[in-house]
Amino acid sequence: MSKPLLSINNLEISFKREGGYNAVIRSISYDLHENEILGIVGESGSGKSVSSLAIMGLLPPHISKISEGAVFFDGKNVADLSEKELQKLRGNEIAMIFQEPMSSLNPSLKCGFQVQEILLQHTKLSKSDSKAETLSLFKKVKLSAPDILFEKYPHEISGGQKQRVMIAMAIACKPQLLIADEPTTALDVTVQKEIIQLLKDIQQETGMSIIFISHDLSLVSEIAHRVLVMYQGEIVEQGEVKQIFRNPKHNYTKALIASRPSLDVRLKRLPTVQDFLNDDINSEIVTPEKRAQFHEKLYNQQPILEVINVEKEYFSAAGFFGKKTAFMAVNDVSFKLYEGETLGLVGESGCGKSTLGNAILQLDNATAGQILYRGTDITHLGLTEITNLRKEIQ
C-alpha cells in the first residue's frame, strides 16, 4: 500500500482542568491514504471533532494540548509547524466543512466574497479571475443562479445553499484532504442525499481524501470506504465499511448499530446505547390493541389546537418602484392536535413547516384561516392576551 497522506500516531489530547490537564483523547492511531474516504462515527462527546481539529492545528490554545503522540500530514509533523506554515496549510492543503453552516459563514459578508477571499489569500489569481473561479465553484456545487447568489448574504439563502457555499469554500484551493464535520446535520433528508452525492462526485473528480465525521451510521455507510468507531475518546474499532456494519466485533459498535429505532416494532421505551452495553433492554412492545385503546381515549376529547384553512402569503418587490410578487408559503393547511398527542410535521426545506409554527405562535400573522387554541381563535387576540398565551405555547 502507498505511503499514507495522514498518520495519527498514539495521539493523546488533554484539556486544562483544576489541578492540571485531563486527557479527553487517549492513544488513537489511524492512517488515511490518498483518494480514500474515512468515516468516523460515535456519539456526541466521543472525541470525533476534537481529534480532527488537531489535524489542522486548531485546538484552542492555553486550555488544550497534544500531551502525547503526533499528527503527520504528508510526512510533516503538524506540531512542528509555525503559525505561518499552519495558515498556509489550512484551506490550501487541508480544508474543513464545519458542523453548522448557519454560524460558520460570516453574516456581514456576501457569500461570493467569502469564497473569493480564500482564493485571493491562497492563490495568485487576480480579483476578476478569482470572481470567475468562485462562480465556477458555485456551478460545481450545483448552486442555481451563481451570479445572483454571489451578491447574497447568508441569511438570504436556505440551509442547503449555505452548506454548498461552505463546500465551495472548502474545495476552492483543491486541497489534498477535506475534513467534513457533520456536514448534513441541519439539513433535511433530500438535501442531505444531494450533499453526500456532491461530496462523492468531487472526491472522484479530484482524487482528494475525505474524513467524514458523523453520528449518522446510514450516511457513513453510503459514503465511506473505511470506518473508525470512537467511544469516550478512544478508537474501539476500525475496518472496512462492510465488515463494521455487517460483522461488528466491539460491544459498543454492536450497541450503536442496534440502538437505531425499528420501523416494524413500537417499543414502549426506546433503548439507548448504554442499555445495550449494560444488557438492560426493556423489550415491552406497544401492541396495536393498546394503541387503538389509547387513540380511542385521545380522540374522544376536544382538540387542544385546531388549524383551519391557514394561509401565509409573502410579497417581494424588485426595486423601490418594482411590481410586488406574491409567494404562498403556507397554502390552505388544516389539522387538529389533541392533548397528550405527538404530531409529526415533516417536509423539505422551504415547504412551510417553520412558517406555520410561527403563525401558530402568533410571531407572524397568518394571511387567512383560523387557529383555535382550547376553542378560542387566537388570530384576533390583543398583545397582552398573546403574551399570556405564550406561557402555554412554546
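Here are three short exercises on this predicted model, each with a worked solution.

**Exercise 1.** Work out what span helix α7 should have at 1.5 Å a residue, and see how the distance between its end C-alpha atoms fits.

*Solution.* Start with the residues: α7 runs over 159-171, which is 13 residues. The expected span is 1.5 Å times one less than the number of residues, so α7 should cover 18 Å. Now check the ends: the end C-alpha atoms of α7 are 19 Å apart, which agrees.

**Exercise 2.** Decide why α7 can be called largely enclosed by the rest of the structure.

*Solution.* You'll need the cut-off here: buried means under 20% relative accessible area. Go along the helix and you'll find buried residues including G159, K162, R164, M166 and I171. The tally is 12 of the 13 residues of α7, so the helix is largely enclosed by the rest of the structure. As for its neighbours, α7 lies across β6 and β7 (177-181), and it runs at about 175 degrees to β6.

**Exercise 3.** Which strands stand at the edges of the open sheet, and what does that leave them without?

*Solution.* First lay out the 6 strands: the order is β6-β7-β8-β3-β9-β10, with mixed pairing. Then look at the edges: β6 (94-97) and β10 (234-240) each have a single partner strand, so one side of each has no neighbour in the sheet. Next, pick a pair from the sheet: β3 (residues 37-41) and β9 (residues 226-231) are parallel and share 4 bridges. In that pairing, V41 has V229 in β9 as its bridge partner. Finally, add helix α11 (residues 251-258), which packs on the sheet and touches β3, β9 and β10. The direction of α11 makes about 100 degrees with that of β9.

Methods. Residues numbered from 1 in each chain as written. Predicted model: local features only at pLDDT ≥ 70, side-chain atom pairs only at ≥ 80, totals over all residues. Heavy atoms only, no water. Helix = DSSP H or I, 4+ residues; strand = E, 2+ residues; numbered from the N terminus. Buried < 20%, exposed > 50% of the residue type's maximum accessible area, 1.4 Å probe, protein only. Pairing = 2+ DSSP bridges. Contact = heavy atoms within 4.5 Å. Axes fitted to C-alpha atoms, helices over the stretch in contact; angles between N-to-C directions.
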